[in-house]
Amino acid sequence: MTKPTGITYLQKAIELMLFTATVSFIGPVAALQNMDQNLRAAVDVSSKMVNYQSQNQTGSSYIVGIDIHKVFSHKNGDVGTLILQAYMTKLDNQVQHPGFFKDKDDEQLVYRIVSFNLTSREKSLPNLKLGHIELPYGLEHTINTNGTLYGFQQGSILGIKADWGMSLNKQMQRFEYEFSATSGGGQDISSDKGNHVYAARVGSLRNNNQVFGVSVYESSLQDITRRRVGLDFQHYWRLYGLLGQIDVGDDNGGDVRHLMMELNWRGPVEMTRAYLQAFHQSKNVATQKETRQGYTLGLQLDLIKEWDLSAQYQWDSHVFSAQSKQRVLSAQIRYRF
Amino acid sequence: MKNIALYTTFLTCLTLTYSLDTRAEAFCALRDPVASIYQLYPEATSFRSIVRTVNKTTRSHVINHLPNMSLHFSEMGRHTLYVALKNEKELGYVHVRSEKSQWGLVEVAWALNLDLSIHDFTFQRARNPSRRFIETHEFKSQLTGRNFSAMKTLINQPFAEHALPLFSDKDALQLASVVIQSGLKTLLITEQTWKSDLIDQSQLD
């Protein structure tokens, strides 16, 4: 695939900006401030067990990481926010794993979010975020699922969840937006030729009881070109939440559709959450339309301050012709201190 | 060899990192209440964050002054006080506190005057179906200008006599009570935790 000249320049610009931001901006600002000023830091340890019932296999993963959040501030206002999340991850017979792991028993230092969000000096102008950022698309962008079993299958919809690059973002009085351009390398800061990811979401404020968002996405990753338009909504009423997302688009020209719905319940002190999700996916394969449908039932308990226990059961009711039905039981224990 | 280098680097970082905060959610979930700050202070041009720790001392302070209230675990740890600025001039403070309620946590963004009296408030999040009654000018005006002592007088009369003409349903009254509790805690915690950062020191004990 021939890489368009504009994308080549964009990738070079992103790499140059990331390097420049790291060396010439963050360094001196950090040096000027006490490191513990406006700092939040935690060590995050978790262990996950996954039972692939249809394959009669059980896998585990062990994760230990640091989570740092620091606001750089000046007497005239905030300068920007640094987030650093690096997690040493060891897999043990994890049959299904993200593509950046070499095999089911691999170990890697995984960057989740590593970003600096430069606060705009003008109220109406956007902030500039640089680094390994979460792609602004759909429900996953507004609801934090980082490090938990809970999620919205963004990886399978877009082919990637977080990437190295930049974004323009802002929370306005009635809506928020984020537009990103990233390299397509995923965990790697350098990317294969031709890879790129563009994503954007505009939506109402995420704290409201009714949230609506429109997202667009275009990427070229390992010779697969994906295009998506997504609509997402959240409606909260008392202790219940109804969430949904619909995506339409194509993979290398073949139509794809996704539909996801969730009903959830939280306890009054929000230390307990239960959710039921339904996923429906369709795509055109050699003029044939194929569908996949599955469900997820999950429970999350924050029993005491630092501990988080969660369990989830996923099952397919219908799959694409080349796949077999999966039944997966997962459990996770997490400790932050 | 590469893995050993990775582990060494990583463990060094871990050793150097000391724990300052614990919360179930990762820090990437944190969002500044930008829309609330500019809604509460429309003339503000920017804001400054000051992050401090709400600790056991603060908790004891709250229990001493408000014997029937306590701090649940998400109220402890690192929290941010925002100073709303118009150019370099301080207009007031914004602090967000979450409070338990029948319908989940209620997050209130409080605007405080420099003398630590209530300027205004807005909900960051409230799943109570009757929140619209609490967002009215009639309700808010009953809190404006009150300092801690003046707010405390409302505990024993949680708006029953003032509120009934405004709203009569149970959910609204319950949310009003949560808001008063949140306001009282905010005033007390702000004074205690950000004591050295407050611009008007004359109001302090």
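# A tour of chains A and B

Begin by selecting A:Glu306, which sits in the loop between strand S14 (288–301) and strand S15 (307–318) of chain A; keep in mind throughout that this is a predicted model. A:Glu306 has 18 other C-beta atoms within 10 Å, and because a residue counts as buried only at 20 or more and as exposed at 12 or fewer, A:Glu306 is partly exposed. Now add A:Phe337 to the selection: although A:Glu306 and A:Phe337 are 31 residues apart in sequence, their C-alpha atoms are 6.3 Å apart in space.

Next, colour the two chains separately and look at where they touch. How many residues does each chain bring to the contact? Chain A supplies 46 residues, and chain B supplies 44 residues. On the side of chain A that touches chain B, the elements giving two or more residues are strands S1 (39–52), S2 (57–74), S3 (77–92), S4 (107–118) and S10 (224–237) of chain A. Of these, select S3(A), which gives the most to that side, with six residues. If you then colour the side of chain A that touches chain B by residue type, you will find 19 nonpolar, 13 polar and 14 charged residues.

Hide chain A for the moment and turn to chain B, which has eight helices and five strands. Following chain B along its sequence, you meet these elements in the pattern α-α-β-α-β-β-β-β-α-α-α-α-α. Of the 205 residues in chain B, 41% are buried. Among the contacts in chain B between residues at least 6 apart in sequence, 67% join residues at least 24 apart.

Within chain B, select helix H8 (residues 170–193). The 24 residues of H8(B) should span 34 Å at 1.5 Å a residue, and the C-alpha atoms at its ends are indeed 34 Å apart, so the expected and modelled lengths agree. Is H8(B) largely enclosed or largely open? Because 20 of its 24 residues are buried, H8(B) is largely enclosed by the rest of the structure.

Finally, add helix H3 (residues 56–65) of chain B, whose axis comes within 10 Å of the axis of H8(B) and crosses that axis at roughly 135°. The two helices, H3(B) and H8(B), are therefore oblique to each other, and their crossing is right-handed. To see where they meet, show the side chains of B:Thr58, B:His61, B:Val62 and B:His65 in H3(B), together with those of B:Lys185, B:Leu188, B:Ile189, B:Gln192 and B:Thr193 in H8(B). The residues of this contact divide into three nonpolar, five polar and one charged.

Definitions and conventions
Residues are numbered from 1 along each chain as its sequence is written. Chains are lettered from A and ligands numbered from 1 in the order in which they are written. This is a predicted model: local features need pLDDT of at least 70, side-chain atom pairs count only at pLDDT 80 or more; totals for chains, interfaces and linings use all residues. Two residues are in contact if their C-beta atoms, placed from the backbone, lie within 7 Å. Helices (H or I, at least four residues) and strands (E, at least two) are DSSP runs, numbered from the N terminus. Ala, Val, Leu, Ile, Met, Phe, Trp, Tyr, Cys and Pro count as nonpolar, Asp, Glu, Lys and Arg as charged, and the others, Gly among them, as polar. Axes are lines fitted to C-alpha atoms, for helices over the stretch in contact, and angles run from 0 to 180 degrees between N-to-C directions. Angles under 35 degrees count as roughly parallel, over 145 as roughly antiparallel, 65 to 115 as roughly perpendicular and the rest as oblique. A crossing is left-handed if the near helix is turned anticlockwise from the far one by less than a right angle, and right-handed if clockwise. The expected span of a helix is 1.5 Å times one less than its number of residues.
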